[in-house]
Amino acid sequence: MGEVKHLVVAKFKEGVAVEETLQGMAQLVSTMDMVKSFEWGTEMLGEEMLRQGFTHVFIMTFNNGEDLASYLTHPSHTNFIGTFQAALENALVFDFPSVVIKPPA
C-alpha cells in the first residue's frame, strides 16, 4: 500500500473562532514528521442543499498506514483533538489509501 490520506470535512459551530482552530491545526502538523503534507480549504461553489452546512475540508497525506496510526495516537494529536471537536457541530472523516490516476506535475 502506498500513501494514505486522512480527510476531514467540517461544519463548525456558530460563533466559533475558526481562525484560531486553523492556527492550532497548522501548529500541530508542523511539528509532526509523520505528516507528509497538509492542505485545507473552504467550500466555494456548492449549493447549501449539497454541502449541508459543511464549510471546511482538511487533507493530510501520510507515507503509509503506520504513519497515520502514529499520528492518530500521538499525544500532541490527542491533546488537540478535544479542542477541535469542541469547535465542531459535525464532521465526516475518511482514511483511505490513495489511488493516483493523474499525478501532480
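Colleague: What makes the lining of the largest pocket nonpolar, polar or charged in this predicted model?

Modeller: The lining residues divide into 14 nonpolar, 3 polar and no charged. Asp, Glu, Lys and Arg count as charged, so none of these four types is in the lining.

Colleague: Which residues lie nearest the centre of the largest pocket?

Modeller: His6, Val8, His77, Ile81 and Phe84, out of 17 lining residues. Val, Ile and Phe count as nonpolar and His does not, so Val8, Ile81 and Phe84 are nonpolar, while His6 and His77 are polar.

Colleague: Which element gives the most to that lining?

Modeller: α4, with 5 residues. β1, α1, β3, α3 (65-73), α4 and β4 each supply at least two. The space in this pocket is about 210 Å³.

Colleague: How do you know that β2 and β3 pair?

Modeller: Pairing takes at least two bridges. β2 and β3 (residues 56-62) are joined by 6, so they pair, and they run antiparallel. Ser37 stands opposite Thr61 in β3.

Colleague: Why are β2 and β4 called edge strands?

Modeller: The open sheet has the order β2-β3-β1-β4, with antiparallel pairing. β2 (37-42) and β4 (88-97) each pair on one side only. Neighbouring strands are turned by 15° against each other on average, direction ignored.

Colleague: What makes α1 and α4 packed on the sheet?

Modeller: Contact means heavy atoms within 4.5 Å. Helix α1 (residues 18-30) touches β1 (4-12), β2 and β3, and its direction makes about 0° with that of β3. Helix α4 (residues 75-87) touches β1, β3 and β4, and its direction makes about 125° with that of β4.

Terms used. Residues are numbered from 1 along each chain as its sequence is written. This is a predicted model: local features need pLDDT of at least 70, side-chain atom pairs count only at pLDDT 80 or more; totals for chains, interfaces and linings use all residues. Side-chain values use heavy atoms; hydrogens and water are left out. Helices (H or I, at least four residues) and strands (E, at least two) are DSSP runs, numbered from the N terminus. Axes are lines fitted to C-alpha atoms, for helices over the stretch in contact, and angles run from 0 to 180 degrees between N-to-C directions. On a 1 Å grid over the protein atoms alone, a cavity is a set of points where a 1.4 Å probe fits but cannot get out, and a pocket is an open set with protein on both sides within 12 Å along at least five of seven lines; lining residues have an atom within 4 Å of a point. Grid points are joined across faces, edges and corners, and a volume is the space filled by probe spheres set on the points.
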